[in-house]
Amino acid sequence: MRIDAVLAAAYDRLEGVSDTPQLDAQLLLCHLLQKPRSFLYTWPDKPLAEAERRQFEALLSRRHSGEPVAHLIGEREFWSLPLAVNPSTLIPRPDTESLVEYVLSLPMAEDARVVDLGTGTGAIALALASERPKWRLHAVDRMAEAVALARRNRDALGLTVEIEQSDWYDALQGLRFDVIVSNPPYIEQDDPHLSRGDVRFEPLSALVAAEDGLADIIHIVENGRLFLNDGGTVILEHGYRQGQAVREIFTRFGYQEVGTGQDLAGRDRYSFG
Ligand code: GLN
């Protein structure tokens, strides 16, 4: 069977299961063939070997049961960086790139010190390191598996970030930062969003927080002042309906110049103070 016919059947199969059936099928096939996506358009009439078809079928059927494409191919691009991913952390999302943009827009010293709390794959810290090699970047995660994954990504990309195991600020005593950035868990326990799509295959510890999803945000903001340099900034991702609540938390703990920024879809996605 030709590549174009195999793909057409795969699109039909994933329709209704995924929001992006064509992209998913193409990414899975490219992963299997170890080719860039342009290959599929250049050689639509190339026949697939029987073994390739069987392996593709196996991947499709896992995708059909909901497994995220990123888990099936072991990789997700963030800020144009190819990051290894696995089920021990959140899969990086394009929404989070808006926090990276915001941090890059801040007026900062050349050797600014920045920490990414709950770094997971290392996405935020590595994106910042790729743009600002002179910043002194730190990243922490509570889970040993995440620390290992973030270090693996750092080393594969040849970037410089100090990555340590730490429950939020616990291992950072004595350090002061110009920016504290985090994409913490912020989903409410009973949010129906948790039973649909990729989140079903991601660790709840990276997704769900107590107190209407705000418990970790409160912890980071409340303790942030002990770890900030004068004039420093805390910036946190949150749900698109949490902007006002998070701004109130910043204000309650005495932060100034509190505000909210939007993601690519124009929805509230992060707040800062
Ligand atoms: N934005 C993600 C989602 O809604 C959740 C990320 C997070 O909890 N930090 O799927």
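**Exercise 1. Which residues are exposed on the other side of α4?**

Before solving, note that residues are numbered from 1 along each chain as its sequence is written. The model is a predicted one, in which local features need pLDDT of at least 70 and side-chain atom pairs count only at pLDDT 80 or more, while totals for chains, interfaces and linings use all residues.

*Solution.* Step 1: fix the terms. Helices (H or I, at least four residues) and strands (E, at least two) are DSSP runs, numbered from the N terminus. A residue is buried if 20 or more other C-beta atoms lie within 10 Å of its own, exposed if 12 or fewer, and partly exposed in between, with C-beta atoms placed from the backbone.

Step 2: check the helix. The 15 residues of α4 (residues 50-64) should span 21 Å at 1.5 Å a residue (the expected span being 1.5 Å times one less than the number of residues), and this agrees with its end C-alpha atoms, which are 21 Å apart.

Step 3: find the buried residues, which in α4 are F56, L59, L60 and R63. Because they cover an arc of only 100° around the axis, they sit on the same side of α4; the arc is that of the directions from the helix axis to the C-beta atoms. An α-helix has 3.6 residues a turn, so residues three or four places apart point the same way.

Step 4: turn to the other side of α4, where E50, A51, R54 and S61 are exposed.

Step 5: the buried residues of α4 pack against α1 (3-14), α2 and α5 (69-73), where contact requires C-beta atoms, placed from the backbone, within 7 Å. After α4 comes G66, with a positive phi near 110°.

**Exercise 2. Establish how the buried residues of α6 are arranged, and name the elements that they pack against.**

*Solution.* Step 1: in helix α6 (residues 97-105), the residues L99, V100 and V103 are buried. Their arc around the axis is only 100°, which means that they lie on the same side of α6.

Step 2: on the other side of α6, L104 and S105 are exposed.

Step 3: the packing partners of the buried residues of α6 are α7 (123-131), β6 (177-182), β7 (228-237) and β9 (268-272).

**Exercise 3. Locate Q34 and D212, each with a positive phi although neither is a glycine, and determine their exposure.**

*Solution.* Step 1: Q34, with a phi of about 55°, is placed in the loop between α2 (21-33) and α3 (38-42). Q34 counts as exposed because it has 7 C-beta neighbours inside 10 Å.

Step 2: D212, whose phi is about 60°, is placed in helix α9 (residues 210-213). With 14 other C-beta atoms within 10 Å, D212 is partly exposed.

Step 3: relate D212 to D191, which lies in the loop between β6 and α9 and is partly exposed, with 15 other C-beta atoms within 10 Å. D191 and D212 are 21 residues apart in sequence, and their C-alpha atoms are 9.6 Å apart in space.

**Exercise 4. Identify the residues that surround the ligand, and sort them by class.**

*Solution.* Step 1: the ligand is surrounded by L90, R93, D95, N183, P185, Y186, I187, V199, L207 and E237, where a residue is near a molecule if its C-beta atom, placed from the backbone, lies within 6 Å of it.

Step 2: this shell has six nonpolar, one polar and three charged residues, where Ala, Val, Leu, Ile, Met, Phe, Trp, Tyr, Cys and Pro count as nonpolar, Asp, Glu, Lys and Arg as charged, and the others, Gly among them, as polar.

Conventions
Two residues are in contact if their C-beta atoms, placed from the backbone, lie within 7 Å.
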